[in-house]
Amino acid sequence: MEPDTTGTGAGRVTLRRGLPAGAEQQAAELYWGAFGRKLGPALNPPDQAVAFLAAHLNADRAVCALLDQRVVGLAGYQVDGRALTGGSAAAVLRAYGHLRGLHRLLLLALFERRPAPGQLVMDGIAVHTDLRGHGIGSLLIEEVAAVAAERRCREIRLDVIDTNPRAEALYRRRGFTAVRTRPTPCLRGLLGFGAVTTMCRPVGTTQP
Ligand SMILES: CC(C)(COP(=O)(O)OP(=O)(O)OC[C@H]1O[C@@H](n2cnc3c(N)ncnc32)[C@H](O)[C@@H]1OP(=O)(O)O)[C@@H](O)C(=O)NCCC(=O)NCCS
């Protein structure tokens, strides 16, 4: 598909389906910058975490925003049993060792999200820190919505944690509504959040 270029307050951003070959490290660093706090206990130390993420990204499950050929934003999604972040249990144990890897597997299992039939799960959207607030996140969400429509999904689903009210506000503006909130008090000390809200948006709705 032809790349889509769109003006944002940050300049001319090119939207692209899929990660460009060779951009795995950039994408993993961006992802870690946004989600390192949450994923740290499972994948730390940071260097090893970024290397693990980069080695196991599924390039065909991302929508990217490029500025001057640099990945400045990405949104991962899961559909047909495949998500942006990969890595089997065996890969975790290989990378971290059998003893040190076991509790990591348990933590990673907490983040497992499986789409119901007809759903596409958006599982990780991140924009470079210096470029936030210029509309790139909104462009990525709409591109993921276009993917969902092309795949004839009926709904997009995502989770947002209670310590991220600005992301939740963005999702509401982009047509998502909260369907359930699960308190996770046991995770507050370890992962920093105390509740997870699931939000959905029907496919076929467009936002201005
Ligand atoms: C959430 C995120 C992807 C939005 O990307 P973006 O390019 O800034 O989004 P847009 O410019 O289209 O929209 C801006 C809105 O995003 C939301 N937002 C969330 N975190 C933000 C941040 N750190 N800086 C700026 N906007 C943020 C706000 O609602 C903001 O609107 P506001 O300025 O009225 O508060 C981006 O802020 C980010 O990467 N955050 C860190 C990772 C993250 O929290 N991902 C979501 C997990 S559920």
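Visitor: Of the 20 residues around the ligand, which come nearest?
Guide: This is a predicted model, and a residue is counted as near the ligand if one of its heavy atoms lies within 4 Å of it. Of the 20 residues around the ligand, those that come nearest are Gly133, Gly135, Ser138, Asn164 and Arg166.

Visitor: Which residue has a polar side-chain atom 2.9 Å from an oxygen atom of the ligand?
Guide: Some polar contacts of the ligand involve the protein backbone: an oxygen atom of the ligand is 2.8 Å from a polar backbone atom of Val127, and an oxygen atom of the ligand is 2.7 Å from a polar backbone atom of Gly133. The residue that offers a polar side-chain atom, at 2.9 Å from an oxygen atom of the ligand, is Arg173.

Visitor: What percentage of the ligand's exposed area does the protein bury?
Guide: Taken alone, the ligand exposes 850 Å². Of that area, the share buried by the protein is 79%.

Visitor: Which element gives the largest share of the shell around the ligand?
Guide: The elements that give two or more residues to this shell are α1 (24-43), β5 (119-127), α5 (136-150), β6 (155-161) and α6 (165-173). By class, the shell has ten nonpolar, six polar and four charged residues. The largest share, five residues, comes from α6.

Visitor: At what angle do α1 and helix α4 pack?
Guide: Two packed helices are described by the angle between their axes and the distance between the axes. For α1 and helix α4 (residues 98-110), the axes are 8 Å apart, and the contact is made by Pro41, Ala42 and Leu43 of α1 together with His103, Arg104, Leu107 and Leu108 of α4. By class, this contact of α1 with α4 has five nonpolar, one polar and one charged residues, and the helices pack at an angle of about 150°.

Visitor: What is the handedness of the crossing in which α2 passes α3?
Guide: The axes of helix α2 (residues 46-55) and helix α3 (residues 89-96) come within 12 Å and cross at roughly 145°. The contact is made by Gln48, Ala49 and Phe52 of α2 and by Ala91, Val92, Ala95 and Tyr96 of α3, and by class it has six nonpolar, one polar and no charged residues. The crossing of α2 past α3 is right-handed.

Visitor: Is the peptide bond that joins Asn44 and Pro45 cis or trans?
Guide: Most peptide bonds are trans. Pro45 has its place in the loop between α1 and α2, and for the bond that joins Asn44 and Pro45, omega is about 5°, so the bond is cis.

Visitor: What is the phi of Asp68?
Guide: Most residues other than glycine have a negative phi. Asp68 lies in the loop between β3 (62-67) and β4 (70-78), and its phi has a positive value, near 50°.

Terms used. Residues numbered from 1 in each chain as written. Predicted model: local features only at pLDDT ≥ 70, side-chain atom pairs only at ≥ 80, totals over all residues. Heavy atoms only, no water. Axes fitted to C-alpha atoms, helices over the stretch in contact; angles between N-to-C directions. Helix = DSSP H or I, 4+ residues; strand = E, 2+ residues; numbered from the N terminus. Left-handed = near helix turned anticlockwise from the far one by under 90°. Contact = heavy atoms within 4.5 Å. Nonpolar A, V, L, I, M, F, W, Y, C, P; charged D, E, K, R; others polar. Polar contact = N/O pair within 3.5 Å; in protein donor to acceptor, adjacent residues only side chain to side chain. Areas by Shrake-Rupley, 256 points an atom, 1.4 Å probe, with all protein chains shown as cover.
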